[in-house]
Amino acid sequence: MIYTIIDVETTGKSNRLTEISIFKFDGDTVIDEFTSLINPITFIPAHIVALTGIDNNLVADAPLFEDIAQQILDITEDTVFVAHNVNFDYNAIGGEFKKLGIEFNRKKLCTVRLSRRLLPGHRSYSLGKLCKDLNIDLVGRHRARGDAEATVKLFQLMLEQPEADAVFKEFLNKNSREATLPPNLPKETFEALPTTAGIYYFKNKKGKVIYVGKAINIKKRVLSHFYSKTKKAQDMVRETGDIDFETSGSELIALLMEDAAIKHHFPIHNKVAKRAPQAFFYCILPRSKRYYTFSQ
């Protein structure tokens with residue numbers, strides 16, 4: 001089996017690519033590599049520049065994505081797409097191809113989820129902290145080539161684990177949702193969700209509620225968030241470390257429960273119904289018999 005181990009840097013909110021690095025790996029040796037800066041044709045925010053060192057001057061003469069699209073298609077053809085938090089990189093690249101009217105489909109593996117299974121016991125599975133724990137050199141953090149090269153070494157280490165064959169086979173099974181689930185969410189947590197009406201709580205790794213939603217079928221609705229390619233949904237899913245739920249018995253009760261839960265928790269990813277409703281009352285003056293509305 002051939003893998004392409006990939007890392008991208010983006011502009012953040014607009015999610016346009018500024019850099020990509022791809023290592024083609026046969027399980028033993030890197031057999032090809034493609035790395036390039038990309039001109040995103042948009043402003044790169046200051047906080048992204050501070051994180052990556054990539055600014056608009058650096059990418060001014062870089063190729064556009066459309067200029068290198070064919071090279072990306074060629075090097076990833078008939079390979080498994082591998083990345084640390086794979087859905088971020090996969091969706092970012094897929095979004096660029098979509099703008100060109102090209103559908104990008106590859107099998108994929110997430111090294112966060114793989115490492116949780118094959119290299120258990122670490123306090124953090126971020127690439128930087130995991131590489132530090134495992135004595136993997138990471139040169140050029142938050143640059144595509146440095147992160148991709150470190151991910152190759154991490155991936156090779158996982159391939160050497162005794163259970164690797166079985167775990168990789170499970171993750172690549174088309175019926176498995178391992179590549180779809182958030183990197184920090186245990187599969188058992190998702191599988192425990194009911195298929196009945198109610199509300200659900202997305203929580204971060206510290207247990208803080210970051211989103212509340214309602215559904216007729218909780219499991220189906222939660223899964224739809226994982227498949228969403230919007231930047232908002234991707235950010236929320238990437239933060240998710242746990243999901244809790246309450247069943248309601250009906251959609252109407254779920255709607256009321258959702259409203260109350262949002263007002264109680266004020267989740268960062270809920271934009272609707274955070275503001276307390278404005279109170280109104282009606283009265284009829286005896287003589288005029290006219291209706292008047294007053295707001296509080």
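How many bridges join E1 to E2, and do they run parallel or antiparallel? Hi everyone, let's take that one together. Eight bridges join the two strands, and E1 and E2 run antiparallel. Strands here (E, at least two residues) and helices (H or I, at least four) are DSSP runs numbered from the N terminus, and two strands pair if DSSP finds at least two bridges between them.

Some housekeeping before we go on. This is a predicted model, where local features need pLDDT of at least 70 and side-chain atom pairs count only at pLDDT 80 or more, while totals for chains, interfaces and linings use all residues. Residues are numbered from 1 along each chain as its sequence is written, and side-chain values use heavy atoms, with hydrogens and water left out.

Back to E1. E1 and E2 form a hairpin with six residues between them, and Gly12 in the turn has a positive phi of about 95°. E1 also pairs with E4, in the parallel sense, over three bridges. Thr4 is a nice residue to click on: it stands opposite Lys24 in E2, and its bridge partner in E4 is Phe81.

Eight of the eight residues of E1 are buried, so this strand is largely enclosed by the rest of the structure. Buried means under 20% relative accessible area, with exposed over 50% and partly exposed in between (1.4 Å probe, protein chains only). Tyr3, Ile5, Asp7 and Glu9 are on one side of E1, with Thr4, Ile6, Val8 and Thr10 on the other.

Now to helix H4, residues 86–99. Eleven of its 14 residues are buried, among them Asn87, Phe88 and Asn91. What covers them includes strands E1, E2, E4 and E5, plus helices H3 and H11. After H4 comes Gly101, with a positive phi near 75°.

And where is there empty space? A search of the whole structure finds one cavity of 30 Å³ or more, and the largest cavity has a volume of about 90 Å³. A cavity is a set of points on a 1 Å grid over the protein atoms alone where a 1.4 Å probe fits but cannot get out; lining residues have an atom within 4 Å of a point. The volume is the space filled by probe spheres set on the points, which are joined across faces, edges and corners.

Thirteen residues line that cavity, with Asn87, Phe88, Asn91, Gln234 and Val237 nearest its centre. H4, H10 and H11 each supply at least two lining residues, and the largest share, four, comes from H11. Thanks, everyone!

Key. On a 1 Å grid over the protein atoms alone, a cavity is a set of points where a 1.4 Å probe fits but cannot get out, and a pocket is an open set with protein on both sides within 12 Å along at least five of seven lines; lining residues have an atom within 4 Å of a point. Contact means heavy atoms within 4.5 Å.
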